[in-house]
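Q: Please take a close look at one part with me: the interior, where side chains pack against one another. I am new to this structure, so a connected walk through it would help.

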Amino acid sequence: MILFQNLAVATLMVAITFSIHFAGLVGLTALLRQRGREFRRRTSRMGETLGQGLGILIVVFSLFALHSLQIWLYAFAYLIVGELHQIETAVYFSTSTFTTVGFGDVILSHKWRMLGVAESMNGFLLISWSTAFLVSLTARVRAFEAKIEGRDD
């Protein structure tokens, strides 16, 4: 019975965090497209390059915020199921688990340890997804810069 509770909570948490991440990436993509169109109309080549750099910085901070939200959601889940009893401990455990560091100084009981494993897998996938998004964005910026450098004044 405990295994099914773990799987139910883990499935809910994975669904919530993946949905948040998907919505965040879609929103970031839309924001970057809109900003890019506005920037190209108003600025010089140097301004475009700076704008692209600022865009990447915004993406990095936004990804950090998305992951922080997801970590806090897991921390609240540990508090709600009664596995951890202090918010600081829950956030600490969730952060080390989500990032797959897993220090081991705070551990879950046998009752909820599968939820911790699910968070670790979830965090690994979400961080990998963010990395792929950032690599894709950087490749597009490099292609854009190459296009600018190839233009004649």
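A: The largest nonpolar core

In this predicted model, the largest nonpolar core has 15 residues, and Tyr 78, Leu 84 and Leu 115 are the ones that touch the most other members. Here a nonpolar core is a set of buried Ala, Val, Leu, Ile, Met, Phe, Trp, Tyr and Cys residues joined through side-chain atoms within 4.5 Å. Helix H1 (2–42), helix H2 (45–80), helix H3 (87–98) and helix H4 (113–149) each give two or more residues to this core, with the largest share, four residues, coming from H2. A separate core of eight residues lies apart from it, with Leu 25, Leu 28, Leu 63 and Leu 137 among them.

Some ground rules will help you follow along. Residues are numbered from 1 along each chain as its sequence is written, and side-chain values use heavy atoms, with hydrogens and water left out. Because the model is predicted, local features need pLDDT of at least 70 and side-chain atom pairs count only at pLDDT 80 or more, while totals for chains, interfaces and linings use all residues.

Stepping back for a moment, the chain has four helices and zero strands, in the order α-α-α-α along the sequence. These elements are DSSP runs numbered from the N terminus: helices are H or I with at least four residues, strands are E with at least two. Of the 153 residues in the chain, 34% are buried; buried means under 20% relative accessible area, exposed over 50% and partly exposed in between (1.4 Å probe, protein chains only). In soluble globular proteins, nonpolar side chains tend to be buried together.

Now back to the core. Beyond its neighbours within four places in sequence, Leu 84 is in contact with Tyr 78, Leu 79, Thr 89, Ala 90, Phe 93, Val 106 and Leu 108, where contact means heavy atoms within 4.5 Å. Two of the partners just named, Tyr 78 and Phe 93, also bring us to the aromatic rings.

The model holds four aromatic pairs, counted when ring centres of Phe, Tyr and Trp (its six-membered ring) lie within 6.5 Å; planes under 30 degrees apart count as stacked, over 60 as edge-to-face and the rest as tilted. The ring centres of Tyr 78 and Phe 93 are 5.2 Å apart with planes at 80°, so this pair is edge-to-face. Because Tyr 78 sits in helix H2 and Phe 93 in helix H3, the pair ties together parts 15 residues apart in sequence. Tyr 78 counts as buried at 0% relative accessibility, and so does Phe 93 at 8%. Another pair is Tyr 92 with Phe 103: their centres are 6.1 Å apart and their planes at 10°, so they are stacked. This pair links helix H3, home of Tyr 92, to the loop between H3 and H4, where Phe 103 lies eleven residues away. Tyr 92 is partly exposed at 27%, whereas Phe 103 is exposed at 57%.

Tyr 78 has a charged companion too. Glu 83, in the loop between H2 and H3, touches Tyr 78, Leu 108, Ser 109 and Trp 112, leaving out residues up to four places away in sequence. Glu 83 is buried yet has no salt bridge, and its nearest side chain of opposite charge, Lys 111, is 6.7 Å away. A salt bridge needs a side-chain nitrogen of Lys or Arg within 4 Å of a carboxyl oxygen of Asp or Glu. The side chain of Glu 83 does reach the backbone nitrogen of Ser 109 at 2.5 Å.

Lys 111 and Trp 112 turn up again as contacts of Gln 5, its neighbours within four places in sequence aside. Gln 5 belongs to helix H1 and is partly exposed at 32%. Its C-alpha atom is 9.1 Å from that of Leu 115, although the two are 110 residues apart along the chain.

Finally, visit the other core through Leu 63, which sits in helix H2 and is buried at 5% relative accessibility. Leaving aside neighbours within four places, Leu 63 is in contact with Leu 25, Leu 28 and Ser 130. Ser 130 lies in helix H4, is buried at 5%, and, with the same neighbours set aside, contacts His 21, Leu 63 and His 67.

Notes: Lys, Arg positive; Asp, Glu negative; His and termini not counted. Polar contact = N/O pair within 3.5 Å; in protein donor to acceptor, adjacent residues only side chain to side chain.
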